[in-house]
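Q: Please take me through this structure slowly, and show me how each label is earned.

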Amino acid sequence: MRELSASEIDQHSGNLDKNGFTIVKNAIPPVLLSELREALAEVQSTHDIGYSETSFEGTRTVRIYNLLAYHRAFEKIPVSPVVLPIVARILDSELQLSSLSAICPGPGQEAQPLHGDNQMIPLPRPHIPIAVNSMWALTDFTEENGATRFVPGSHLFDHNPDYDGQYETECAEMSAGSILIWNSALWHGGGENQTDKRRDGIACYYCAGWVRQQENQQLGIPFDRIKQFPRRLQELCGFSVYRGVYGHIDNRDPIQMLGREQKGKMVWQASDSAKERKK
Ligand SMILES: O=C(O)CCC(=O)C(=O)O
């Protein structure tokens, strides 16, 4: 996968600050795109996953949650070098993976109510970025097949949208292989699928290291599988501490449970060392 230049990271994080969204075009290499499509089809058929049952999730939409538990191909998504540096610029480098799920509205799926992904968090709006979502387009996203819709700049509004309210929106049309990234406070939702084909996307949702993850990955992903992940993915899944303290187990970094060395000092040890140095 290609690396982003410093100016691309500046540009995309600037778009997120100002407009609440950005699109990284042609971000997913064709080989990975095929791998992800195959993995998705395999998981859906092996686990016989049908349409979701609630109107918000979409009763003509296939959703597969907790993807890391199901197939190794998905491990490449959260650590992507074309997304993670942009999101880390917004949330800081101690961010976590909040959830990883496939969202595939099929023919006849109505538009989803507009919402902010973090609207359940009881913080007055607008607030600092607490979570950032991304949508990996595995098929083309068009106005007709239900591409994500959004209200530009709404991450700065002082309220959330009304459920089922009608608002003027723009549409994130993009070709397969592109990735939409948005501040989780942005008003958005899946569009209506008026075609006879499914629109396939994978939502890779990140949160700040001090926010609770939406999916409980430490319990939801088999431990033997997590042990095989690269270190950065283990950290993103919650085997890490925020600011040397949040998430600790008996004053240790939980990465040690996976047989790895903890990198830095825990916060209290670090402050004692700083004191010693001053003496
Ligand atoms: O499917 C989409 O384009 C957006 C889905 C979404 O925003 C959600 O389910 O929270």
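A: A polar contact is a pair of N or O atoms within 3.5 Å, and that cut-off is applied here to a predicted model.

Q: What makes arginine 63 a polar contact of the ligand?
A: An oxygen atom of the ligand is 2.8 Å from an N or O atom in the side chain of arginine 63, and because the cut-off is 3.5 Å, this pair counts as a polar contact. By the same reasoning, histidine 115, with a distance of 2.9 Å from its side-chain N or O atom to a ligand oxygen, and threonine 148, with 2.6 Å, each make a polar contact, since a pair within 3.5 Å qualifies. The protein covers 94% of the 290 Å² of accessible area that the ligand has on its own.

Q: How do the residues of the shell around the ligand divide into nonpolar, polar and charged?
A: Two are nonpolar, five are polar and three are charged; the residues around the ligand include Ile103, Gln112 and Asp117.

Q: Why is cysteine 104 called buried?
A: Its relative accessible area is 1%, and buried means under 20%, so the label applies.

Q: How do you know that cysteine 104 forms no disulfide?
A: The closest cysteine sulfur, in cysteine 204, is 15 Å from the sulfur of cysteine 104, whereas a disulfide needs sulfur atoms within 2.5 Å, so the distance is too far for a bond. For cysteine 171 the closest cysteine sulfur is that of cysteine 104, 17 Å away, which is also too far. The count of disulfides comes to zero.

Definitions and conventions
Residues are numbered from 1 along each chain as its sequence is written. This is a predicted model: local features need pLDDT of at least 70, side-chain atom pairs count only at pLDDT 80 or more; totals for chains, interfaces and linings use all residues. Side-chain values use heavy atoms; hydrogens and water are left out. A residue is near a molecule or strand if one of its heavy atoms lies within 4 Å of it. A polar contact is a pair of N or O atoms within 3.5 Å; within protein, one must be able to donate a hydrogen and the other to accept it, and residues adjacent in sequence count only if both atoms are side-chain atoms. Accessible areas come from the Shrake-Rupley method with a 1.4 Å probe; for residues, only the protein chains shown count as cover. Ala, Val, Leu, Ile, Met, Phe, Trp, Tyr, Cys and Pro count as nonpolar, Asp, Glu, Lys and Arg as charged, and the others, Gly among them, as polar. Buried means under 20% relative accessible area, exposed over 50%, partly exposed in between (1.4 Å probe, protein chains only).
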